[in-house]
Structures are given as structure tokens and as C-alpha cells.
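These are my notebook entries on one structure. I set down what I looked up, entry by entry.

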Amino acid sequence: MRWRFSTLEFILLLLVVAGSGVAYAWVVYGDGGLIGAVYALFVCMPILAFERRIIFRRLYRKIHGLSTPGFLLSSVAVYVALVYAGFAIAGSLLRLVGHPGEMMPSLNVLLIALAISGPIIFVLRVRELLGRDVFLSLLTGRYRKPVQEERVFLFIDLAGSTSFAERFGDLRTQEYLGRVFASMADPVLRHGGSIDDYVGDAAVITWPFDRAIADAACIRCAFDILDRIDTDAHRWRKDYGEVPRLRAALHGGTIVAAEIGVDRHKITYFGDTVNTTARLEGLCRTLDRQILISADLLRRMRLPASVRSEDLGEHEVKGRGQKLGVSSLRAASLFQGSSNCAADPES
């Protein structure tokens, strides 16, 4: 599991934790800022690593499967254990360099460590819930007034979810969908996008336009998601009896972004671009293609060497006054395979 932070965010996190240790040392002892920073890092960072599923992942999953009282008590117990372990490691390292480091935290140190880690964990969970871009936009108030901007959207839909639900029931289907959506998280993060919403069995992913077309990040993201599903095909068959079949559509253009809501705030996107992407995804079924992209968007970026496009001409799109140029995207290896088969009658 990777740290889901940019380099700047990670450095900022280290500074906040180390700074709290420096402040504690100066307030309590009037000196020893560097020593305080060392203890703070070794005490707080393991807790954050646990919450980010960097360490003890199985324990994390077990705790989060408990009832609320069990979850709270178990979490506190793990945090206390990590504070003691981190404090002892920091003390041992300090002794190695000649400083008489303490090996056991006092009650005050324990409480302060939990007090520092708690708000950071809360902020990280809110950030994870909303997504990095949305969290920062809400924090800065960027979209309190409607803003017109260019964005790219990737709609990904799970084919056959209705039949799956008929066979296995709603609870099993929701578990299946949750795992499919979880498979998208790392590719989206890696390619600088953000998951804007989940609508039934579809996910809506978006980028600022320049970020999406830089090195064809939006296209690479779509193929990385498909590759991730294919790589785990044996596990999907073992757990669910089938491998998820995804359909995807890419389109970009001008939209209006605005923060809406009173009790619950959300950044939402309005405009023809969003509707057209949804309609384009619907064309995947009609044209029997897995990934479609609008000709307008395709013209504005250079395809990765591993991807080939096929011009499918112009098509009527519901709710749009004019036809839309459409192309399909496939892995270059598939085109190569199709060419080889066509050339060899024995294939």
C-alpha cells in the first residue's frame, strides 16, 4: 500500500509532527528541541502509518470490522502500544549517539501523542472520504462561487451488474462493486485524477484538462484500471466466479464547477461535457467497444505507444444538437493480434 500523499503533503506532515515535538520540549524543558522532534516522529508516525495501512494491514482490517465500541477500544490499545514502541526505539537510537534517552513515555507524553495524532488522523480520513482535490477545494473555498473551467471526465461502468445481483443478491453485489471501485483507486491516484462520484455501478473520474492530456494521463489511467482487473483475474474468479467487465468513455471540455449544499457540501460539475461523457459511455454497448473517446479530446493529446485508436465516425448523442466524432481505444497488442490472425488463415 502506498502513501497517498504528494511529496509536499508528506513533507508538511513530517514538519507538523516534528514541530509538535519541538514545541513540547521547549514548553516543558526549555530546551532539547531536536530531541523532542525525534521522539515526536517515532511516536506519532507509526500511528499514522497504521491508519494509512502501511503497517499491520490485517490487524487494521480486523479492527475496522468490529462493532463501534470494540473498534474504539481496539484502536486506542493499538495506538498506546505504538506510542510505547516508538518511544523505546527513539530512546535506543538517542543512546547510541550518546544522549541519555528515556525508554518509557510518561502519562503526559502518552496523552499528548494521542492528542496530536487524533486530529491529524481525522483530517486524513476526511480527505480520503472527499478526495484530495475536493478536500483542498472545499478547504480553500475555490468553488463557493461558480467557476467555469476545462475538465476531462472518465466514466467507467460495470457491465452485467444486474445479472450478478439477480444471481447473488444485493449484499453480495455491493461487496463486489466495492472491490471493483477499490481497484480503481491506485490508478486514479497515480495518474493525477480524482474520483468525483459513484453512481450505481459506475464511477466518475475527473481531471483538470491540462493534467489529463499531459502524457495522456486520462487514457493511461483507463488502461491501468483494466490491467489491474485482468492481473487479478484468477482471484476474481475464485471469489466471485467471474472477472468484472468494464466499459469506459472519455470526453473533455468546458464545464461549470460549483460548491453546493447546506448541511452537506459537495463540489459538482454542470454542463454539456458531463452529459456527453455519460451518453458516450452508453454508446460502448451499442458499438460493442470497451473504451470510447471523443474525437475532440483525442485530437488534443498524443496516444501512448501501447494504445491504438480506431475511428468510428460520427454518431448521434442524445441531448446533443450535433453529432459527435467517436473513436475506440484498444491495447496495441490486441491490434497486433488481430492483424496476425487476419494474415494467417490457420489462426
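**Entry 1: aromatic pairs**

I searched the whole structure, a predicted model, for aromatic pairs and found 10. I then looked at Phe153 and Tyr269, whose ring centres are 5.6 Å apart and whose planes meet at 70°. An angle over 60 degrees counts as edge-to-face, so I entered the pair of Phe153 and Tyr269 under that heading.

I next asked where the two partners, Phe153 and Tyr269, lie in the chain. I found Phe153 in strand β1, residues 147-159, and Tyr269 in strand β5, residues 266-270. The two are 116 residues apart in sequence, so the pair ties together separate parts of the chain. I also noted that Phe153 and Tyr269 are both buried.

My second pair was Tyr176 with Tyr240. The ring centres of Tyr176 and Tyr240 are 5.1 Å apart and the planes stand at 50°, so I recorded this pair as tilted. Tyr176 belongs to helix α8 (residues 170-190) and Tyr240 to helix α11 (residues 233-240). With their positions 64 residues apart in sequence, the pair links distant parts of the chain. Tyr176 and Tyr240 are both buried.

I then asked which residues form one aromatic cluster. The members I listed are Phe164, Phe168, Tyr176, Trp236 and Tyr240. The tilted pair of Tyr176 and Tyr240 therefore belongs to this cluster.

**Entry 2: the chain as a whole**

I turned to the protein chain in full. I recorded 14 helices and eight strands as its secondary structure. The C-alpha trace spans about 80 × 50 × 40 Å along its principal axes. Of the 347 residues in the chain, 44% are buried.

I looked up how far apart in sequence the contacting residues are. Taking contacts between residues at least 6 apart in sequence, I found that 66% join residues at least 24 apart. For the accessible surface I noted about 19,000 Å², with 58% of it belonging to carbon and sulfur atoms. For the charges I noted 41 positive and 36 negative, and their mean positions are 4 Å apart.

**Entry 3: two domains**

I asked how the chain is divided into domains. Domain 1 covers 7-130 and domain 2 covers 138-333. Taken over C-alpha atoms, the centres of domain 1 and domain 2 are separated by 38 Å.

**Entry 4: Arg247**

Is Arg247 buried or exposed? I found a relative accessible area of 13% for Arg247; buried means under 20%, so Arg247 counts as buried. Arg247 is part of strand β4, which runs over residues 245-260.

I then listed what Arg247 touches, leaving out residues up to four places away in sequence. The residues in contact are Phe155, Ile156, Asp157, Ala159, Glu281, Cys284, Arg285 and Gln290.

**Entry 5: two residues with positive phi**

I kept in mind that most residues other than glycine have a negative phi. I noted Asp215, which is not a glycine and has a positive phi near 55°. Asp215 sits in the loop between α9 (209-213) and α10 (217-231). The relative accessible area of Asp215 is 57%, and Asp215 is therefore exposed.

I noted a positive phi of about 55° for Asp288 as well, again in a residue that is not a glycine. The loop that holds Asp288 lies between α12 (272-287) and β6 (291-294). Asp288 has 63% relative accessibility, so I entered Asp288 as exposed.

**Entry 6: Asp311 and Gly98**

I found Asp311 in strand β7, residues 307-315. With a relative accessible area of 63%, Asp311 is exposed. Apart from neighbours within four places in sequence, Asp311 is in contact with Val326 and Ser327. I also looked up its distance to Leu136: Asp311 and Leu136 are 38 Å apart, C-alpha to C-alpha, and 175 residues apart in sequence.

My last look-up was Gly98, in the loop between α4 (68-96) and α5 (107-130). Gly98 is exposed, at a relative accessible area of 66%. How far apart are the C-alpha atoms of Gly98 and Leu324, and what lies between them along the chain? I noted a separation of 72 Å in space and 226 residues along the chain.

Definitions and conventions. Residues are numbered from 1 along each chain as its sequence is written. This is a predicted model: local features need pLDDT of at least 70, side-chain atom pairs count only at pLDDT 80 or more; totals for chains, interfaces and linings use all residues. Side-chain values use heavy atoms; hydrogens and water are left out. Helices (H or I, at least four residues) and strands (E, at least two) are DSSP runs, numbered from the N terminus. Buried means under 20% relative accessible area, exposed over 50%, partly exposed in between (1.4 Å probe, protein chains only). Contact means heavy atoms within 4.5 Å. Accessible areas come from the Shrake-Rupley method with a 1.4 Å probe; for residues, only the protein chains shown count as cover. Lys and Arg count as positive and Asp and Glu as negative; His and the chain ends are not counted. The place of a charge is taken as NZ of Lys, CZ of Arg, CG of Asp or CD of Glu. Domain bounds come from an automatic or database domain assignment. Rings of Phe, Tyr and Trp (its six-membered ring) pair if their centres lie within 6.5 Å; planes under 30 degrees apart count as stacked, over 60 as edge-to-face and the rest as tilted.
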